[in-house]
Each structure stands twice: as C-alpha cells, then as structure tokens.
Amino acid sequence: MVFNWFQKKKKSYPDFWETYLSSFKDHEKQAIPETRFVAFDTETTGFDSKKDRILSIGAVAFKGKSIPVNNTLELYLKQDVFNPKTVEIHEIIKNNKLEKVTELEAIKIFLDYIKDAVLIAHHAKFDQRMMNAMLARHGLGELKNECIDTGTLFNKSKHIIYKENLKDHYSLDDLCTELNVAVTDRHTASGDALITAFVFLKTLARLDKRKHLQWEYLLSR
Amino acid sequence: MKNSIAERVGDFLKRYPPFNLIKPTLLFDIASQVTITYLEKGNTIFQKGDTSHEFIYVVRDGGIGIHYDNGGIHDILNIHDKGDIFGLQPLISKDPYQVTATANEESIVYSIPVDIFQRVTDNNAKIQKYLITVFASNIDAPYSAEIAGKIFVDYLPNQAQDLVNFQTANYTKNPITCDEDSTVQRAAIKMSLHKIGCIIVVDKSKNPVGIITNSDIKNKIATGLFPINTAVNKIMSSPVITGKKGLTVAEGQLLMIKNTIGHLCITKDGTVNTKLVGVLTHHDVLTSLGNSPTVILKEIKRAKRTRRLRSARLKANVLLKRYLEQNIPISHSIKIISQVNDAITTRAIELAIKKMDAPPPVLFSWLSLGSQGRHEQLLFTDQDNAIVFENVNESTYQDTKSYFLKLGQLVTSALNKVGFEYCEADMMASNPAWCKSLSEWQTQFKHWILKPDEKAILLSSIFFDYNCVYGDKMLISSLTNTIYDTLAETSLFFKFLGRDAVKSPSPLGFFRQFLIEKTGEQKELFNIKSRAVMPLVDAGRLLVLSKQVRDVNNTAERFEKLAELEPENKELYNSCSYAFKALLKFKTKQGLQNGDSGKLIDLETLNKEEKLKLRRCFKPIQEVQEVLKIRFDLKNFI
C-alpha cells in the first residue's frame, strides 16, 4: 500500500527516507512495557518554524524503565541562521568547537535513531513543528511517529478534585518540581531529553497506579 | 560523538567512593556504559536466589532497601541512599544473590556492567579494599558470616572477622558530659534539657572518670542524702566501664551483663585513659536487637534525623506482622501502630520546627485526616493532613501563612521519606488550601455543610475524620464546636452523606457471588477498601455526626459508642464494629503480603474458611445501609 501511494505521486525519495517509512510497515502496537520510546528535545534559534532553525537535537531511547547511556543521541547542527536573542538559553555559540553536522546528515541520523518508536517531548507540538519544517526544507514528508506531550500526560495524572485547577501550560521546570526530578543539565538538548524521559516515566507510574493503562488513553489529547 | 549524558553520569559518580579513586578518563568509560533505571516504590532489582546480574548498582536518587528473607524471617539490613553502591555479589562470585534489593521509595539507579568495572578497577588495591568493606558491612548478620568469611579470608584484617560476625554497635556519638567540679543540679538540668538518662563526668583532657544516671539522682539526691549543690564527683559511679570504638552489639551487651550496668563509655582505645567518643546504652542495644513498641517509641522520640524515623517505622511493620501471625486482637495492634504513627508525625514536626528560622509565630494544630485521623492506618498509606493556625490580623496574615506552609512542606517531605507517600490529591498541610487560620477553616466547614455538593462530600470522608496530633487542642475544640453548631441547622448535609454511604451496595451480588472489579488489570481482584471498608466508615461517620458524638474517630469505636446510645440497634452496631475489625485485618494481612496498601484482595488466595468469614462481614453492611436509608429518608433522594 505505502509503495503504491508513492508511485502515484511519482516522486522519488532518498533511500534513508524509504527505510524510515518501511519501519512502519507491519508496525504493530506492543504492550507499553515492550514499546520503544524516544524522548527528544531540540534547541532552536527561536520559535518561528519558518524562520528559525534547529541548533541541536538530543534524544534518549528506552524500553520499559531503563535508559542505556551508550545509546543516546546528541547532534549539533551547522546553521547560518543565527538569533542572538536565544543564544543565552542554550549556549550553542555559532562556530564553537563542537563537532557539527549538516541538516541533511542530522535528519538521516535522527530518523535512523527513532525508527517507529513512540516519541515523547515536552511541548511536543513545537518540537514536531520544527522537525517537520526541517524535513520539508529537504523535500521530505512529515514525521510518522505517534507523539506524546508530557504536559498533556501530566494533566491526566492529576486527581479529579483538582481538575479545575489544571494548567494548559507547564514548563519543564514546573513538572520537575511537581514530580521531584533532579534538574541537571537543563537547556542542553540531551539533558532536557533525559529529564523529559524521567518526567514521562514518573507520570506513567502515577497513572498506572490507578488504572490499567491503555494506548487510547495515553495518546488521547 | 559527544555524550553529555555520560559526562553528567561521570560527574555524579566521581563524588562518591570508590569512583573518586578512578581516573577521570577511565571513569568516563564506565559512565558511558551505564544504564539509568527508574524504579517505582516496591520494584525489585534483584531477589535472593536470583543468578547474579551482569551489573552492579549505584543509587542516583531515592533509597534502595536491602532485605534478607528466610522462611518468614524478614529483615531489613540496610537502606542505601544517593551515591551508595550495592549489589556487589557478581564481583565476588557467580553465586546467586543472598539478599533482595527493593526500591524503598521512588528511585533512580545506575547499573554498571561488571566486566567494564572490573577491567578498570582490577589492579587498584584501594578500590578492592573499599568494595570488600562495603560487601562485608552490607551483609552483616550471622547468616552471611560464613559466606563472607570464606570469600574474604585473604583480604580481611584479623579483627574484621567480628565486624562480619556481628554488626557494629550504633552508639551515641558526642555524648553529653559535665566537668568534675560542676554541681549535681547543673548536671541534672543538662540531662533534662537533652532528655537523657545519664551524663558522663569527664576530666580536663576529656577522659571519662564517672557517670551519673537517673537512679543516682533518685537514690542519692531526692532522698536527701546529698544536697543538690553537691559536686558531681561526690555521687558519681566511678570508674566507668569502657569499650573500644567499633565494638559490636554482642560485645557491648556482654560487657553490660558482666558488670550489671546499663551504660558503656566508648573511648578511643577502649580504656579510661583516652578521650570519650560515645556512650552505648542498654536502650541502644535493644534498639539494634529488639523489637518492642516501647523501644520503637523511644527510638522515635529521640530520633534526630528522618532516617531514624524511617527505620523505626519499618520495625513497627515487622512488629505488626508478628501480631497478626500471633492473632493478637486487631484493636490492640491498631492502638499501637496508631501511636507509632502519631509519634512519628509529632517528632517530624518537632524536627521541622527546629529547622525553621523562628519558632511558630502563633498557636497552631497539626491535624491528621482520613485513615490516620481515624486511627485505622496500619500500613504505609498516603498522608492526609492539614494545619489550623490561630486567627491573626490582616497585616501579619501573609507572613503567618507562609511560615506554616513552609513548616507543612518540611513535615510532609519528612513523612514521605519515612514511607508515607504524598497524597495523590495533595490533601496535605503543604497545600495553601489546607493550611489555614481557624476562622478560614470554620468558614470552609460551614460552606461544606450548608452548601453540600459532590466535591464537599468527596472531601468529607477525609476532613470530617480529623485528629489533632500536635499543637493546641483548644483550636480544634472551637472548630468542632462550629461544625456541630452548623450541623444542627441543616439536615441536607446528612442526606448527601447518606447517599454517599449507601452508593456502594452490599458486596454480595445476585448470585451470592463476590462483586469483583471488572476493569483492566485488576479484574480478578476484590476491592475490599471501596466495597467493604469505606461503606462502614461512611456509615459510622454519618451516624456519629448526626448523634453529635464528639472525639470518637475510630470506626470500630464509633459503632461501639452507637451501640451504647441506641440499645435497640445494639446488636447491629456491635456486628458492624466486629466486621470492621475483621475487614481491616484482612486488608492489613493482604497488604503485608504484597507490600502495598492491601486494598485489592485476590480471591484466589483465600481459603474457604476465609471466604466465609469475609462474607459474614457483608451482612451488617447491608443492614446498616438499610438503617441509613430509612433514618435519613434517602429513598427519594437517591
């Protein structure tokens, strides 16, 4: 099916993109403990998905509750777009000594890393939008992965009598305080990705205590 | 590729031994192979008898309990904190684990592959020595002596054999002392100030020369034998019996028995000619060995750190288990555990007040709510609590409130460390909504009573069962007065409570089968809390409130009181009281078995007799619900 659809469009995609898509072929939902999750975060020059660029991507992959440190992702991207306003936050100064890759290389590595994993991000919409904009610049489609936003998930874990006090917006720091996650290495992509993974695991544990978790519930908005 | 996470893992490890002995570049090799694991409270890392893993472990956050289990004997050997290394069995031999490691609270653990760790540390004698000490002190009871002795025979210095055979006595460091020429009065003031039963008399070079105990003061001063301004060296017992630093509990106990004394001075080299470093009391020995309510309560009252409170509470759990096994009446167990819980809360508050910058600005009371308030909390469950403080004028209100909020935070976080989880619904004194002045609380309760809604009823099961654990009792009396005065004005609130109390029908279904939970994972389980315990609790509360009965919080006692007040329903109420106690026992046993709150019972695990017993408890539930329906005219209200 997938291939027919592409043939109709008569557009040829690079191999790595086809490989990425093929990982969704025969994709079946596993039970939550057997599912591969990837928590990721991007550091950008700003908040405009059209004008701004991704400076770095951090990601950690895990199944169950264990995160292997030797299989994390930490990419720094070569970018010409530069916004002096946001540099203070993440300190990825242009042309410093970090080893950097091009956008296209970053995409290749990132897609090969995530495969068909369920993605997790804090303010997931923003990171997704930035990623999709980058993919579009290189003539590729959008990310196909399921994506869970930690803020939305956190709201689901709150007790019913506080439903009226729920916020639409929690900063990652808010959640760390609420869930007692030690904050180290904030504002680096890989540090934030690791923190996001902890926030996710801790929220999941609180949800799981009350009910047998179903995918529909986890992915609903 | 750069790996910042591995760098941070390395930064953490290098702060703790033995990793501080490893070169940074090698440490990074280790750090980059670490797996970070998140554990929920109660998750097991390895179990006694498991083949040893290919990892050793380091606590990143939280606490990991090391347990030893042998045919029902359950011992907690140690609780590892941040930075502690544990699970070293695979470094020693391929034998299975001798102990079980379980998360004592929500934790994060680093797993370090054994092969890389060994490659890096192999030729480092200092590291080897450190690891051996850790291993030996971890498995410190007689059952491991054999194993440890066998393995470490080459490494261990001679006297260390004792270290392995018995645990080191946990004596009081920096004991309270007085000079030879001070008066008995001054010594006694010091003793009462520090709440201690003895004081050591030291000479100029701080060597111990004598000891004065409570009984010396009773026998020599209170009887008029000596005036209170006598110099201490006139009445002290001298010379003192001494022991060396690092002596074991068994050695300490032996010395005490031999010399018929209750206090042992610990000095640098074990003689009276060196500096005093500590005191080992008979109580310390009992604490290490024994397990009785009085010892536990004493330990709590003297605890200076949350960690001590935690170990005391864990001991209470062991005690509880024994009581249940020996069929000690549950009402007795309830009283003891409640006392332990209240004592822990009180001590946690006292310790928190010490940590604050200033003493409390006005009078306040600390309320336990829900099951702790009803004195029905046998196992570790969520904490529910609140603060009531004296009314203050507007100008100082904000400062007062923030003082008590801060206090609330310190206490709830300490209780959490002890093992009482944070309340899921945040009904705790650290929440601004539940830390209020007396008049605010009065308004709040009036509002709940006069304008009842779903939320008010939901909260009533927690808030109407309050019990003052600490602080000013008068504040609470005024609050109770307001509540009963307001209750007299309305009957609507009772109807709401009544509707709630009968909403869970008798747990026996149409076919006399248990109604079991049908949702998800818990489908074979019977929810004893919501189906059986809570209906009785709700009914008891409603009846007691409507009868204006004060200060009886425990559900069993409430029904006993009601039986007195309504002789016509005596039989029913007494059977409710009995059923409640039986259900609580079921729940507690189940909880101890599974290490949780015990609210879900696996019916499969019950034998026929137990099932019958459980069923018998359901009859009074049904009957008391009928009484409620008629008395509060709920037929049309439901």
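Let us start at one small spot: Ser66(A) stands opposite Thr37(B), a residue of strand β1(B). This is a predicted model, and that pair of residues is a handy doorway into it. Around them, strand β3 of chain A, residues 66–68, pairs with β1(B). The two strands run in the antiparallel sense, and three bridges link them.

From this spot we can step back to the whole contact between the chains. Chain A contributes 32 residues to it, and chain B contributes 35 residues. Together the two chains bury about 3000 Å², with 55% of that area on carbon and sulfur atoms. On the side of chain B, the residues that lose the most area to chain A are Ile5(B), Tyr38(B) and Glu424(B), which together make up 23% of what that side buries.

Charged side chains also meet here. Three salt bridges are found across the interface of chain B and chain A. In a salt bridge between Glu40(B) and Lys65(A), the side chains come to 2.8 Å, N to O. Polar contacts between chain B and chain A, with both residues at pLDDT 80 or more, number 13 residue pairs.

Which elements of chain B give two or more residues to the side that touches chain A? They are helix α1 (4–13), strands β1 (35–39) and β3 (55–61), and helix α19 (454–463). The largest share, five residues, comes from α1(B). Sorted by character, the residues on this side of chain B are 14 nonpolar, ten polar and eleven charged.

Now look at chain B as a whole. Its 638 residues include 52% that count as buried, and the chain holds 26 helices and 21 strands. What share of its contacts between residues at least 6 apart in sequence join residues at least 24 apart? The figure for chain B is 70%.

Our last stop is in chain A, at helix α6, which spans residues 150–157. Is this helix mostly covered or mostly uncovered? It is mostly covered, as seven of its eight residues are buried. Those buried residues of α6(A) are Thr150(A), Gly151(A), Leu153(A), Phe154(A), Asn155(A), Lys156(A) and Ser157(A). At the N-terminal end of α6(A), Asp149(A) acts as a cap. A side-chain oxygen of Asp149(A) lies 3.3 Å from the backbone nitrogen of Gly151(A), which is itself one of the buried residues of the helix.

Methods
Residues are numbered from 1 along each chain as its sequence is written. Chains are lettered from A and ligands numbered from 1 in the order in which they are written. Side-chain values use heavy atoms; hydrogens and water are left out. Contact means heavy atoms within 4.5 Å. Buried area is the accessible area (1.4 Å probe) that two parts lose on being put together, summed over both. A salt bridge is a side-chain nitrogen of Lys or Arg within 4 Å of a carboxyl oxygen of Asp or Glu. A polar contact is a pair of N or O atoms within 3.5 Å; within protein, one must be able to donate a hydrogen and the other to accept it, and residues adjacent in sequence count only if both atoms are side-chain atoms. Helices (H or I, at least four residues) and strands (E, at least two) are DSSP runs, numbered from the N terminus. Ala, Val, Leu, Ile, Met, Phe, Trp, Tyr, Cys and Pro count as nonpolar, Asp, Glu, Lys and Arg as charged, and the others, Gly among them, as polar. Two strands pair if DSSP finds at least two bridges between them. Buried means under 20% relative accessible area, exposed over 50%, partly exposed in between (1.4 Å probe, protein chains only).
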